[in-house]
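Got the viewer open and the chain loaded? Follow along and select each stop as it comes up.

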Amino acid sequence: MALEKDEAIVSLRGDSDLAAGRQMWASSSSSGHGPGMVADGLLHTWWESGYKDPFPQWIQVDLGSRRTVRQLVLKLRDDWPAQNQTLTVEGSVDGSTFTTLVESANYDFAPHATIDLPEISTRCIRLVFTANNGPGPWGERGAFLSGFEVYGLAGEEPGEAGPSLPEPKVPVRPGQTYLGFGTHRSVAGTVHLSFKGDLRWDGQGGYTISGSLEANATTDSRRATVWLEYGGESESWKKSSETEAANGASRKLAVNLSGKLAVGEKLELRLGAWQGVVLGIGGTEYTEKRQYVIS
């Protein structure tokens, strides 16, 4: 029997997900929901664009080497409400210059969406989200994705990774960008640690970071400390002042930082945390780095 059009496409599509386990990058991420969560093969983990960060937002995968691609399967968790997200599909062979593979369109994630691609050889695929009619899992309307699968021709298999590509840069335009970091320590009791604030750029390389560090401890928690670390490509890491909490206490500390970078230079931010466990000895850990480019 002759194949219908849709059946023919499926029969010619490869069976291997070329994106599985590959490097993922994103324009922004909410705490604990970085782009790597999309490549782990688990639908209960997900990437979520930064809290209150405006559209457009993007996520991209590096397939390791140039592959022939035919179809994308984009997934959300099965227990999430249906969402309609608007996105464009872009491709790149060098990780720097991207061309449009599929023009902007609305896709129903109920909970999965399939996008057929023009048969093309590319190394990186970027999804650029411009809208979500939501609501998202927490009531926000950012970009969300639990699975980002890429399929090529029948028989197309993941190949050896080629030379590393440069890390994508996230531009910060003149004005204000919301910042939000969070983590928790639960070795001895639980302490929730966070920074909420804004990054501002004056248009000539000068930047300011203002907001508040917060530490909220359960009654059985040992002392925990939190601070913000930051630095440019030509700078060493610098630390803000610290605040701490223990035994049910809650504390806030206002933070106001400033610096100057060359236009095009990268600024990195991360949250540091420490918690005493035994005899005052504890471990230090850091959240995922946030990276911005003064442009």
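Begin by selecting Gly206, which sits in strand S12 (residues 206–217); helices and strands here are DSSP runs (H or I of at least four residues for a helix, E of at least two for a strand), numbered from the N terminus. Keep in mind that this is a predicted model, in which local features need pLDDT of at least 70 and side-chain atom pairs count only at pLDDT 80 or more, while totals for chains, interfaces and linings use all residues. Residues are numbered from 1 along each chain as its sequence is written, and side-chain values use heavy atoms, with hydrogens and water left out.

Is Gly206 buried or exposed? Gly206 is buried, at a relative accessible area of 13% (buried is under 20%, exposed over 50%, partly exposed in between, using a 1.4 Å probe and protein chains only). Now add Lys260: 54 residues separate this pair along the chain, yet their C-alpha atoms are 4.2 Å apart. Setting aside residues up to four places away in sequence, Gly206 touches Arg200, Trp201, Gly259 and Lys260, where a contact means heavy atoms within 4.5 Å.

**Zoom out for a moment**

Colour by secondary structure and you get one helix and 19 strands. Of the 295 residues in the protein, 52% are buried. Take the contacts between residues at least 6 apart in sequence: 70% of these join residues at least 24 apart.

**Into the core**

Next, select Leu72, Val89, Leu127, Phe148 and Val150. These have the most contacts inside the largest nonpolar core, which has 33 residues. A nonpolar core is a set of buried Ala, Val, Leu, Ile, Met, Phe, Trp, Tyr and Cys residues joined through side-chain atoms within 4.5 Å. Which strands supply at least two residues each? They are S1, S3, S4 (83–92), S5 (99–109), S6, S7 (144–145) and S8 (147–152). Apart from this core lies another, of 24 residues, with Leu179, Ala224, Leu269 and Leu271 among them.

Centre on Val150 and show what surrounds it. Beyond four places in sequence, Val150 touches Ser16, Asp17, Leu18, Ala19, Val61, Leu63, Val69, Gln71, Leu72 and Ile125.

Follow that list to Ser16, in the loop between helix H1 (5–12) and S1. Ser16 counts as buried, at 16% relative accessibility. Its contacts, leaving aside neighbours within four places in sequence, are Val150, Tyr151, Glu156, Glu157 and Pro158.

Now jump to Ile115 in strand S6. With 2% relative accessibility, Ile115 is buried. Past its sequence neighbours (up to four places away), Ile115 touches Arg70, Gln71, Leu72, Leu74, Leu87, Val89, Val102 and Tyr107. Draw a C-alpha to C-alpha line to Val102 and you should read 8.6 Å, for two residues that are 13 apart in sequence.

**Charged pairs**

Side chains of opposite charge can pair when their charged atoms come close. There are ten salt bridges in this structure, each a side-chain nitrogen of Lys or Arg within 4 Å of a carboxyl oxygen of Asp or Glu.

Select Asp62 and Arg123, whose closest N and O atoms are 2.7 Å apart in a salt bridge. Asp62 lies in strand S3 (residues 57–75) and Arg123 in strand S6 (residues 112–132), so this pair ties together parts 61 residues apart in sequence. Asp62 is buried at 11% relative accessibility, and Arg123 is buried at 7%.

For another pair, go to Arg77 and Asp79, bridged at 2.8 Å, N to O. Here Asp79 counts as exposed, at 54% relative accessibility.

Then pick Lys239 and Glu242, which meet at 3.1 Å, N to O. Lys239 is partly exposed at 45%, and Glu242 is partly exposed at 43%.

**Last stop: a pocket**

Finish by selecting Trp25, Ala26, Glu288, Lys289 and Gln291. Of the 19 residues lining the second largest pocket, these are the closest to its centre. About 330 Å³ of space lies in this pocket, the volume being the space filled by probe spheres set on grid points joined across faces, edges and corners. On a 1 Å grid over the protein atoms alone, where a 1.4 Å probe fits, a pocket is an open set of points with protein on both sides within 12 Å along at least five of seven lines, and lining residues have an atom within 4 Å of a point.

Which strand gives the largest share of the lining? S1 does, with four residues. Strands S1 (23–26) and S19 (290–294) each supply at least two.
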